Amino acid sequence: MVRVRIEFSGGLELLFGNQKEHDVDVPIQAGQGLTAGQLIAWARDNMLRERPELFVKGSSVRPGILVLINECDWELSGATESFINDGDHVVFISTLHGG
């Protein structure tokens with residue numbers, strides 16, 4: 001298991017039971033690490049309450065969602081291939097707003 005703090009903001013929290021922060025234990029196979037892509041799939045399958053098309057597209061997040069791993073843009077560490085370690089803080093922020 002990998003213990004991760006996940007935070008949703010910018011409206012994404014509405015898709016996850018209207019709760020911004022979640023401390024979760026994500027199961028992993030023995031001897032393997034957890035990637036951001038695997039975390040996204042796990043959150044979709046285990047946490048998402050409605051409208052998955054507003055959170056995921058294919059094996060990643062939809063365009064317009066900023067992902068930070070320990071306050072660093074995930075693009076700098078490999079995006080979906082970024083490794084998530086025990087105790088990491090992953091933030092998903094929607095940058096798209098209606099008007």
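Which residues do ring pairs link into a cluster? They are Phe-8, Phe-16, Phe-55 and Phe-92. Keep in mind that this is a predicted model. Below, we go from those rings to the nonpolar core, then to strand S6 and its partners, and finish with the charged pairs.

**Aromatic rings**

- By the ring-pair rule, the count comes to five aromatic pairs.
- One of them is Phe-8 with Phe-16, a stacked pair with 3.7 Å from centre to centre and 10 degrees between the planes.
- Both of those residues are tucked away: Phe-8 is buried, and Phe-16 is buried too.
- Phe-8 also pairs with Phe-55, this time edge-to-face, at 6.0 Å centre to centre and with 75 degrees between the planes.
- That second pair links distant parts of the chain, since Phe-8 sits in strand S1 while Phe-55 is in the loop between H1 and strand S4 (56-57), 47 residues apart.
- Phe-55 is buried, just as Phe-8 is.
- If you're wondering about the two numbers quoted for each pair, a pair of aromatic rings is described by the distance of the centres and the angle of the planes.

**The nonpolar core**

- The largest nonpolar core has 28 residues, and the ones touching the most other members are Val-4, Phe-55 and Phe-92.
- Two or more residues each come from S1, S2, helix H1 (36-46), S6 and S9.
- H1 gives the largest share of this core, with five residues.
- Phe-55 has a long contact list once residues up to four places away in sequence are set aside; among its contacts are Phe-8, Phe-16 and Phe-92 from the ring cluster.
- Other residues that Phe-55 touches include Leu-12, Leu-15, Ile-40, Leu-48, Val-61 and Ile-65.
- The contacts of Phe-55 also include Ser-60 and Arg-62.

**Strand S6 and its partners**

- Strand S6 covers residues 65-69, and four of its five residues are buried, so the strand is largely enclosed by the rest of the structure.
- S6 runs antiparallel to strand S9 (residues 89-94), and five bridges join the two.
- Within that pairing, Val-67 of S6 faces Phe-92 of S9.
- S6 also pairs with strand S7 (residues 72-73), again in the antiparallel sense, over two bridges.
- Here Ile-69 has Cys-72 in S7 as its bridge partner.
- The hairpin of S6 and S7 has two residues between the strands, and Asn-70 takes a positive phi near 50 degrees there.

**Ser-9 in strand S1**

- Ser-9 belongs to strand S1 (residues 2-9).
- With a relative accessible area of 12%, Ser-9 falls under the 20% cut-off, so it counts as buried.
- Leaving out neighbours within four places in sequence, Ser-9 is in contact with Lys-20, Phe-92, Ile-93 and Ser-94.

**Charged pairs**

- Five salt bridges turn up in the count.
- Arg-5 and Glu-21 form one of them, with their closest N and O atoms 3.0 Å apart.
- This pair links distant parts of the chain: Arg-5 is in strand S1 and Glu-21 in strand S2 (residues 21-26), 16 residues apart.
- Arg-5 also has a salt bridge with Asp-23, where the closest N and O atoms are 2.8 Å apart.
- Asp-23 lies in strand S2 and Arg-5 in strand S1, so this salt bridge ties together parts that are 18 residues apart in sequence.
- What about accessibility: are these residues buried or exposed? Arg-5 is partly exposed at 32% relative accessibility, Glu-21 is partly exposed at 37%, and Asp-23 is partly exposed at 42%.
- Elsewhere, Asp-45 forms a salt bridge with Arg-44, and the closest N and O atoms are 2.9 Å apart.
- In that pair, Asp-45 is exposed, with a relative accessible area of 52%, whereas Arg-44 counts as partly exposed at 30%.
- Salt bridges with shared partners join Arg-5, Glu-21 and Asp-23 into one network.

How values were computed. Residues are numbered from 1 along each chain as its sequence is written. This is a predicted model: local features need pLDDT of at least 70, side-chain atom pairs count only at pLDDT 80 or more; totals for chains, interfaces and linings use all residues. Side-chain values use heavy atoms; hydrogens and water are left out. Buried means under 20% relative accessible area, exposed over 50%, partly exposed in between (1.4 Å probe, protein chains only). Two strands pair if DSSP finds at least two bridges between them. Contact means heavy atoms within 4.5 Å. A salt bridge is a side-chain nitrogen of Lys or Arg within 4 Å of a carboxyl oxygen of Asp or Glu. A nonpolar core is a set of buried Ala, Val, Leu, Ile, Met, Phe, Trp, Tyr and Cys residues joined through side-chain atoms within 4.5 Å. Rings of Phe, Tyr and Trp (its six-membered ring) pair if their centres lie within 6.5 Å; planes under 30 degrees apart count as stacked, over 60 as edge-to-face and the rest as tilted.
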